[in-house]
Amino acid sequence: VVYTQSEILQREVYLFERLDSPNREPMKHLKAICFLRPTKENVELLVQELRKPKYSVYFIYFSNVISKSDVKALAEADEQEVVAEVQEFYGDYIAVNPHVFSLNLLGCCRGRSWDPAQLTRTTQGLTALLLSLKKCPMIRYQLSSEPAKRLAECVKQVITKEYELFDFRRTEVPPLLLILDRSDDAITPLLNQWTYQAMVHELLGINNNRIDLSRVPGISKDLREVVLSAENDEFYANNMYLNFAEIGTNIKNLMEDFQRRKPKEQQKLESIADMKAFVENYPQFKKMSGTVSKHVTVVGELSRLVAERNLLEVSEVEQELACQSDHSSALQSVRRLLQSPRVAELDAARLVMLYALRYERHGSSGLPALLEELRGRGGTDRYRKLVSAVVEYGGKRVRGSDLFSPKDAVAITKQFLKGLKGIENVYTQHQPLLQETLDQLIKGKLKDSQYPYLGPNTLRDRPQDIIVFLIGGATYEEALAVFNLNRSNPGVRIVLGGTTIHNTRR
């Protein structure tokens, strides 16, 4: 995710191996750079490697703090003295966007409490992030979430134990780590998305910047898997946060620009200068050709899925469920779509989940009837069970915040005005709860009673450096919200992280 293979090749790294691959040949003329997580298994594999070294010299980098006893075990195994250096190089997380990171963990809790192994892994990921960004933060957490409190305490323990590592130059306003729980907003990961990056993840799935297109009808062999990375793809970098309509226009412009630059087929290469110019421009042309075919394929497939699954209509009803509070209209809309043969089973289930989260305590709830409809469609109880699981996970009983109704007069007026102006786009009315939480945090208005500090100290000034972490996964819609907050608040830097990056299927 950090480096492309061609970039590494330019650094004269020619061979990539996994430490656990069994039949590696000895190559004594090569030096080895090892980059590993400091797990028990990895240290054990390294011990075996050093007893029978296959390369001339070893430079060992651990992506996190390694214990003294592990270093001792390695030293004892290194009888042939092939280890040149051992360093801690904190990178124990996946950098997804310049302001977003993930730990690629699925299912971090069992019920309402941490899976112990995942808690350890999450603590390591978060502390590595703090060390790599050189931050020793004050910590706030969501009071209504037991896992948030546990994680906050574990991170604090590491900072206290490794105080020498965290001894960074103090900034005027200390950085802040805010730990939140996904269950406070189970709505956001269930919505269809309409900005490029979020839409690709929702409809195709992004896995370490790779997109699997093998199911696309008539796909050519070299496009079965493509990489979308803002670091190496200018079109993607410029379009990842734009909405689908704008991307359509930009793809068209990209195509036209590409057509203009095409080397003329009949181009006469008469002089050496002609040939030289052709050869110089060709790599750039080739790269552009790759970019064009990749994005045309991806956007084409998104359009196909939107049409095939009737997603514009589905999305409009999702937004109505998430943002309006007209129960009878919402119920009618959901019923209508459940009866439509053009709506896929996943989308039908998603609508019932959103309805259940929104109106679980409504006097005249139509949920039992909707669940029956859902069962009639698929003939199984699978989605029925999922609906109740979602409500159990993120229903009113669990939430610490008021996900749906604005409490104060100002917020209600704001909502009313927003309704009056006519929403510029019915498909993007929804704003994740995180946006409001961070907005309050930046303004210094986030309530200590709901988001207490860990320990006696509190922040007197407004925070400038904020790391927000979502237990149970973040979404690309939240990544967009953070991107916009960073842009509109100069002097404030927000980094968003999660145990994973969700879409509806996840």
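Tutor: Let's begin with a term: on a 1 Å grid over the protein atoms alone, a cavity is a set of points where a 1.4 Å probe fits but cannot get out, and its lining residues have an atom within 4 Å of a point. Points join across faces, edges and corners, and a volume is the space filled by probe spheres set on them. This is a predicted model, where local features need pLDDT of at least 70, side-chain atom pairs count only at pLDDT 80 or more, and totals for chains, interfaces and linings use all residues. Residues are numbered from 1 along each chain as its sequence is written, and side-chain values use heavy atoms, leaving out hydrogens and water.

Student: How many cavities of 30 Å³ or more are there in the whole structure?

Tutor: The largest has a volume of about 100 Å³, and the second largest has about 70 Å³. A search of the whole structure for cavities of 30 Å³ or more gives a total of two.

Student: Which element gives the largest share of the lining of the largest cavity?

Tutor: Among the residues around this cavity are Q142, R182, Y451 and E478. Two elements (helices are DSSP runs of H or I, at least four residues, and strands of E, at least two, numbered from the N terminus) give two or more lining residues: β9 (176-181) and α16 (433-442). The largest share, three residues, belongs to α16.

Student: How many residues in the lining of the largest cavity are charged?

Tutor: Asp, Glu, Lys and Arg count as charged; Ala, Val, Leu, Ile, Met, Phe, Trp, Tyr, Cys and Pro as nonpolar; the others, Gly among them, as polar. In this lining, five residues are nonpolar and two are polar, while the charged ones number five.

Student: Now for the second largest cavity: which element gives the largest share of its lining?

Tutor: Residues lining the second largest cavity include T188, H201, Y476 and H502. At least two lining residues come from each of α6 (196-203) and α17 (476-488). The largest share, three residues, is from α6.

Student: How many residues of the second largest cavity's lining are polar?

Tutor: Take the classes in turn for the second largest cavity. Its lining has four nonpolar and two charged residues, and its polar residues number six.

Student: Which domains does the second largest cavity lie between?

Tutor: The domain bounds come from an automatic or database domain assignment. Two domains both give residues to the lining of the second largest cavity, so this cavity lies between domain 2 (92-185 + 432-505) and domain 3 (196-309).

Methods
On a 1 Å grid over the protein atoms alone, a cavity is a set of points where a 1.4 Å probe fits but cannot get out, and a pocket is an open set with protein on both sides within 12 Å along at least five of seven lines; lining residues have an atom within 4 Å of a point.
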